[in-house]
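Please open the structure in a viewer and keep the selection panel at hand. The tour below proceeds stop by stop, stating what to select and what is to be found there.

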Amino acid sequence: MKICDKCYFLFYFILNFISFILIIVFELLTTTFVSQKFHMIQLFTSLFSLTMLILTRNKPGYLEKDKIQEEEDLQKKTLSPSIETSHFNFESTPIVHYNLMPSNGCEACKIAKLPLRSHHCEKCKRCVKSFDHHCWILAGCIGENNKVEFIIFLFFQTLSLICSSIGITKIMSRKINEGTIYILTFIFSILCLLGIIFFWIFIFHLYTLFTNQTSFELFNTDQCPYLALFSLERNKILTQRGIILNNNYRYRPFDVGFKRNLNLYLDKMVHKKNVIKWEEIFFENLKTNHISLNC
């Protein structure tokens with residue numbers, strides 16, 4: 001493990017256990033004990049948070065040049081018949097079968113054509129499948145392979161910070177000197193602030209999971225040509241059906257419903273080698289009667 005990684009995990013260890021350590025020290029000095037049940041909850045949330053951190057970090061699904069062709073061949077073998085018999089004339093539309101972004105490759109990684117939704121991370125200097133974002137919390141990327149683990153980590157990290165804040169208030173409720181009160185108040189404020197930040201990040205990424213979007217697609221639409229392509233073709237189809245949307249809504253090309261979105265990523269979490277067929281979902285949503293909008 002690199003020195004920077006050791007420092008990184010040490011920071012999270014202190015963040016998760018600072019309250020627990022302070023409570024234990026206070027109990028030893030004052031013989032005033034906090035409930036055993038609270039200690040167990042605090043330990044569980046902290047340990048599970050650190051476990052998920054280890055499982056999540058640096059495992060977003062980096063693309064390797066040699067394996068891309070294997071995954072494309074697997075996708076074509078398992079292609080749904082409904083796509084093969086699509087009523088689209090692929091030659092006369094901007095959509096080209098299994099070639100949604102003909103010129104979208106990566107010069108840095110020497111990859112001629114990236115899989116759909118994949119992007120190059122400038123900080124990691126590698127391409128990531130279903131790239132979500134480069135996360136300052138993990139100092140690494142979030143992608144197809146670690147999205148669910150990252151959300152679980154955020155959930156338990158938030159709970160850990162809440163437990164730590166409660167633990168600090170339990171110490172502050174005892175009779176202690178004024179100087180200690182100031183120090184504990186400062187620690188309590190930091191923990192509360194971090195708890196709020198982690199909570200809102202958790203809510204945001206839970207939303208992207210349930211709607212099958214990525215942070216990169218939400219905030220960098222100009223770098224995702226397949227989003228504009230989907231909107232163009234989807235509007236044509238809706239117009240043919242007599243449905244005209246007056247407002248300039250943004251579509252969600254990969255949203256296949258709450259349960260199926262969740263199952264896609266849960267299956268990927270369990271079976272890392274499975275390939276999510278984003279092209280198949282893309283074409284499936286083009287023809288569906290359901291209108292999935294990002295309002």
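In which helix does Ser160 lie? Ser160 belongs to helix α5, which covers residues 147-172. Before this helix is examined in detail, a view of the whole chain is useful.

**The whole chain**

Display the entire protein chain, bearing in mind that this is a predicted model. The chain contains 10 helices and six strands. It has 295 residues, of which 47% count as buried. Its accessible surface comes to about 16,000 Å², and carbon and sulfur atoms contribute 64% of that area. Among contacts in the chain with a separation of 6 or more, 69% are between residues 24 or more positions apart.

**First stop: Ser160 in helix α5**

Select Ser160 and show its side chain. Ser160 has a relative accessibility of 1%, so it counts as buried. Next, add Ser46 to the selection: a polar contact of 3.1 Å links the side chain of Ser46 to that of Ser160. When neighbours within four places in sequence are left aside, Ser160 is in contact with Asn16, Thr45 and Ser46.

**Second stop: Thr158 in helix α5**

Remain in helix α5 and select Thr158, which is also found there. Is Thr158 buried or exposed? Its relative accessibility is 7%, and because buried means under 20%, Thr158 counts as buried. Show Gly195, Phe198 and Phe199 as well; Thr158 is in contact with these residues, its neighbours within four places in sequence being left aside.

**Third stop: Gln42 in helix α2**

Select Gln42, which is found in helix α2, residues 36-56. At 1% relative accessibility, Gln42 is another residue that counts as buried. Now add Ser164 and compare the two positions. Gln42 and Ser164 are 122 residues apart in sequence, yet their C-alpha atoms are 7.3 Å apart in space. Which residues are in contact with Gln42, neighbours within four places in sequence excluded? They are Ser19, Phe20, Ile23, Cys163 and Ser164.

**Fourth stop: helices α5 and α9**

Select α5 again, together with helix α9, residues 258-270. Two packed helices are described by the angle between their axes and the distance between the axes. Here the axes of α5 and α9 come within 8 Å and cross at roughly 95°. An angle of 65 to 115 degrees counts as roughly perpendicular, and α5 and α9 are therefore roughly perpendicular to each other. To view the contact itself, show Lys147, Val148 and Glu149 in α5, which meet Tyr265, Leu266 and Met269 in α9. The residues of this contact divide into four nonpolar, no polar and two charged.

**Fifth stop: Ile137 in a loop**

Select Ile137, whose place is in the loop between β3 (133-135) and β4 (140-142). Although the residue lies in a loop, Ile137 is buried, with a relative accessible area of 2%. Residues up to four places away in sequence not being counted, Ile137 touches Tyr8, Tyr12, Phe153, Leu154, Phe198 and Ile201. Add Leu53 for a further comparison: 84 residues separate Ile137 and Leu53 in sequence, while the C-alpha to C-alpha distance is 9.7 Å.

**Sixth stop: Arg117, His120 and Lys125**

Select Arg117, in the loop between α4 (81-84) and β1 (119-121). Its phi is near 80°, a positive value in a residue other than glycine. Arg117 counts as buried, at 1% relative accessibility.

Continue to His120, which is placed in strand β1. The C-alpha atoms of His120 and Gly105 are 9.3 Å apart, with their positions 15 residues apart along the chain. Leaving aside neighbours within four places in sequence, the contacts of His120 are with Cys106, Ala108, Cys109, Lys125, Arg126 and Cys127.

Lys125, one of those contacts, is the next selection. Lys125 lies in the loop between β1 and β2 (126-128). Is Lys125 buried or exposed? Lys125 is exposed, with a relative accessible area of 56%. Its phi is positive, at about 65°, although Lys125 is not a glycine.

**Last stop: helix α10**

Finally, select helix α10, residues 278-287. Eight of its 10 residues are buried, so α10 is largely enclosed by the rest of the structure. The buried residues to highlight in α10 are Trp278, Glu279, Glu280, Ile281, Phe282, Phe283, Asn285 and Leu286.

Key. Residues numbered from 1 in each chain as written. Predicted model: local features only at pLDDT ≥ 70, side-chain atom pairs only at ≥ 80, totals over all residues. Heavy atoms only, no water. Helix = DSSP H or I, 4+ residues; strand = E, 2+ residues; numbered from the N terminus. Buried < 20%, exposed > 50% of the residue type's maximum accessible area, 1.4 Å probe, protein only. Contact = heavy atoms within 4.5 Å. Areas by Shrake-Rupley, 256 points an atom, 1.4 Å probe, with all protein chains shown as cover. Polar contact = N/O pair within 3.5 Å; in protein donor to acceptor, adjacent residues only side chain to side chain. Axes fitted to C-alpha atoms, helices over the stretch in contact; angles between N-to-C directions. Parallel < 35°, antiparallel > 145°, perpendicular 65-115°, else oblique. Nonpolar A, V, L, I, M, F, W, Y, C, P; charged D, E, K, R; others polar.
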